Amino acid sequence: MNLWEQNIRKVVPYVPGEQPQQEDRIKLNTNENPYPPSPSVYQAHQSADVGSFALYPDPSAGELVKKLEGYYGLEDGQVFVGVGSDDVLSLAFLTFFNSEKPILFPDVTYSFYPVWADVYRIPYECVPLDDSFHICPEDYARPNGGVVIANPNAPTSMGLKRKEVEEIIRSNQDVIVIIDEAYIDFGGETALPLLKEYENLLVVRTYSKSRSLAGMRIGFAMGNKRLIQAMNDVKESINSYTMSQEAIRVGVAAIDDEEVFQQNLKKVIRTRERSKEELEKRGFIVFDSQTNFLFARHSQIPAEKLFDALRERRIYVRHFGSERIHNYLRITIGTDEQMDILFRALDEEIKNFY
């Protein structure tokens, strides 16, 4: 090894879902929304002043911040925005987790959490889910340097009730508790009302799932003004201009179209519940979901075998190789037509197996 290689930071990177480029593929592997953004987003995009792209965007993303504060009934200074919730969460790790004590998060959860901890040299411990893959609030009532909970959890799709989230926060008031609500719009109980009671709570959300804007990379955090100021201070020390002009414009526009937003949510939820029933008819064990995906395993056929067979048919779902969940598939909810194609493919593969 060359001497200079000894100073390279070495981490095991996060592996995102596959992004197949074929036009005829059915993409159910990265939890994107199958429906397009609202008409207001199209209008904002089409009316963009391309000439202004020569100038830097507003470093504070003030228009978007103010819009989000108004929409969620928050005060000035309670919202931070970033380039997708991954950017926001990464910055939150860097800002708030500086203790020598380990931070805590579940052993089966969003697999970016241990990557950020490794990158920033943050000690961490993975708290096992119970045998039913539930988060047990009492397991977090011990000394730590911070807590991160995805609610609803990914990839298991199940959520905690607000009183359970509050139990975790109440027992950890000397550290920052981050509740990652990437999927909350699809049926979970938000922790937002708890912001008025707990100054150590940070709630993180994204436009990528429920608002059909994964390609624009818009995420945000809501919390105590001091927490948000601390995040802004760290951001300004790294990169002042994180949000593009286009992202700020369409982020504002998306909030203006509440009717379309709610209609799309209802469509996804309706298809999710139908899909759960269809999978169960085919011998799958499926968790109750509060997200835009289903977490399931077949009673007889190994998950990896089904994953490979579907991929051959250009139907992409997600398979994780980690020990506790290696026999499960995570299936994003697509349109009804896409899900029907999946079911027909499964029928053929199940028939072939037997």
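Select R217 to begin: in this predicted model the residue is partly exposed, with a relative accessible area of 29%, and it sits in the loop between β7 (201-206) and β8 (219-223). Its phi is near 60 degrees, a positive value in a residue that is not glycine.

Select R314 next, in the loop between α9 (303-312) and β11 (315-316); this residue, also not a glycine, has a positive phi of about 65 degrees, and its relative accessibility of 35% counts as partly exposed. Most residues other than glycine have a negative phi, and most peptide bonds are trans.

For the peptide bonds, move to the loop between β5 (147-150) and α5 (162-170), where P152 is found. A cis bond with omega of about 0 degrees joins N151 and P152, and in the loop between β5 and α5 lies P155 as well, whose bond from A154 is cis with omega near 15 degrees.

Now display helix α2 (residues 62-71) together with α7, which pack with their axes 9 Å apart at an angle of about 20 degrees. Because angles under 35 degrees count as roughly parallel, α2 is roughly parallel to α7. The crossing is left-handed, and the contact involves E63, L64, K67, L68 and Y71 of α2 with I248, G251, V252, I255 and D256 of α7; these residues divide into six nonpolar, one polar and three charged.

Finally, select L68, which, leaving aside neighbours within four places in sequence, is in contact with V79, V81, Y207, F220 and I255. Another core, of 32 residues, lies apart from the one around L68 and includes F261, L265, I301 and L306.

Methods:
Residues are numbered from 1 along each chain as its sequence is written. This is a predicted model: local features need pLDDT of at least 70, side-chain atom pairs count only at pLDDT 80 or more; totals for chains, interfaces and linings use all residues. Side-chain values use heavy atoms; hydrogens and water are left out. Contact means heavy atoms within 4.5 Å. A nonpolar core is a set of buried Ala, Val, Leu, Ile, Met, Phe, Trp, Tyr and Cys residues joined through side-chain atoms within 4.5 Å. Buried means under 20% relative accessible area, exposed over 50%, partly exposed in between (1.4 Å probe, protein chains only). Axes are lines fitted to C-alpha atoms, for helices over the stretch in contact, and angles run from 0 to 180 degrees between N-to-C directions. Helices (H or I, at least four residues) and strands (E, at least two) are DSSP runs, numbered from the N terminus. Angles under 35 degrees count as roughly parallel, over 145 as roughly antiparallel, 65 to 115 as roughly perpendicular and the rest as oblique. A crossing is left-handed if the near helix is turned anticlockwise from the far one by less than a right angle, and right-handed if clockwise. Ala, Val, Leu, Ile, Met, Phe, Trp, Tyr, Cys and Pro count as nonpolar, Asp, Glu, Lys and Arg as charged, and the others, Gly among them, as polar.
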